[in-house]
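Good morning, and thank you for coming. Please bring up the sequence and the coordinates, and we shall go through the pockets and the packing in turn.

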Amino acid sequence: MIEEALTLYLVTNSDGLSDEAFIEKVEQACQNGVTLVQLREKKASTQEFYQKALAIKKVTDKYHVPLIINDRVDVCLAVDAAGVHIGDDELPVDVTRRLIGPDKWLGVSAKTVKRALEAKEQGADHLGVGAIFPTKTKENAPTTDISILQEIIHTSQLPVVAIGGIKEGNMHKLNETDISGVAIVSDIMQADDVAKKTQVLKKQIVSIKEKNHHDN
């Protein structure tokens, strides 16, 4: 189930959007093929994050799309989200796993094989690997070579989502990889036509996954 859910993974960015516009974009994405939503709110207060998570969960539940909360275990538990995704500067993986329990999904960012293996050992369900391409979402994020991405997939044997600067125009560069999915931020959140953009991206990633599955 998790492998399918990771296919087209929307990481949100509400910068410059009203709450209504933000929710509308997420709904359009869920309606048109996004398979998982990760709510990412770096600047919100706990109360704001909680309220936004409740609002977004109504949308994701309506379309049977799992909701994952970025970094915040408390918000994940408060709204009963499907899981949480943590980076290097959050709680340790094993501690996070203990807090969320065995049934919620735990995604972990990994840039190296060592980090990937540690995360797996400590209870990660899947990995986010990147930034694959330069990205404005995370300023100065070092890029991860596609060969490292492949090594992490094969060594960890966990489902892996490629993240960072992935867009309609460069996703083909992931053709030879065994990724479970792609995480998209700006190409969906900043699209003029979210519905159409989501459909195009979904077709691309499904084609990559089918090709790789066939090649294996």
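The lining of the second largest pocket comprises five nonpolar, seven polar and six charged residues. I should say at once that this is a predicted model. The volume of this second largest pocket is about 320 Å³. It is lined by 18 residues, and those closest to its centre are Glu3, Asp178, Ile179, Lys209 and His213. Helix 1 (2-5), helix 7 (146-156) and helix 9 (194-215) are the elements that each give two or more residues to this lining. Of these, helix 9 gives the most, with six residues.

Let us stay with one residue of that helix. Lys209 lies in helix 9. Is Lys209 buried or exposed? With a relative accessible area of 15%, Lys209 falls under the 20% limit and is therefore buried. Not counting residues up to four places away in sequence, Lys209 touches Glu3, Glu4, Thr7, Ile179 and Ser180.

I turn now to the largest pocket, which holds about 500 Å³ of space. Its lining has 31 residues, and Arg40, Ser109, Lys111, Lys138 and Ile163 are the closest to its centre. Four strands each supply at least two lining residues: strand 1 (8-11), strand 4 (83-86), strand 6 (126-129) and strand 7 (160-163). By class, 12 residues of this lining are nonpolar, 11 are polar and eight are charged.

Next, the packing. In soluble globular proteins, nonpolar side chains tend to be buried together. Here the largest nonpolar core has 56 residues, and Ile69 and Leu127 have the most contacts inside it. Leaving aside neighbours within four places in sequence, the contacts of Leu127 include Val108, Ala110, Ile152, Pro159 and Val161. There is also a second, separate core of 11 residues, with Ile2, Leu36, Ile68 and Val185 among them.

Finally, helix 2. Does its length agree with expectation, or what is the discrepancy? The 13 residues of helix 2 (residues 19-31), at 1.5 Å a residue, should span 18 Å, and the end C-alpha atoms are 18 Å apart, so the two values agree. Its buried residues are Phe22, Lys25, Val26, Glu27, Ala29 and Cys30. Strand 1, strand 2 (36-39), helix 3 (46-62), helix 8 (186-189) and helix 9 are among the elements that cover them. Just after helix 2, Gly33 adopts a positive phi of about 125 degrees.

Conventions
Residues numbered from 1 in each chain as written. Predicted model: local features only at pLDDT ≥ 70, side-chain atom pairs only at ≥ 80, totals over all residues. Heavy atoms only, no water. 1 Å grid on protein atoms, 1.4 Å probe; cavity = no way out; pocket = protein on both sides within 12 Å on 5 of 7 lines; lining within 4 Å. Points joined across faces, edges and corners; volume = space filled by probe spheres on them. Nonpolar A, V, L, I, M, F, W, Y, C, P; charged D, E, K, R; others polar. Core = buried A, V, L, I, M, F, W, Y, C linked by side-chain atoms within 4.5 Å. Buried < 20%, exposed > 50% of the residue type's maximum accessible area, 1.4 Å probe, protein only. Contact = heavy atoms within 4.5 Å. Expected span 1.5 Å × (residues − 1).
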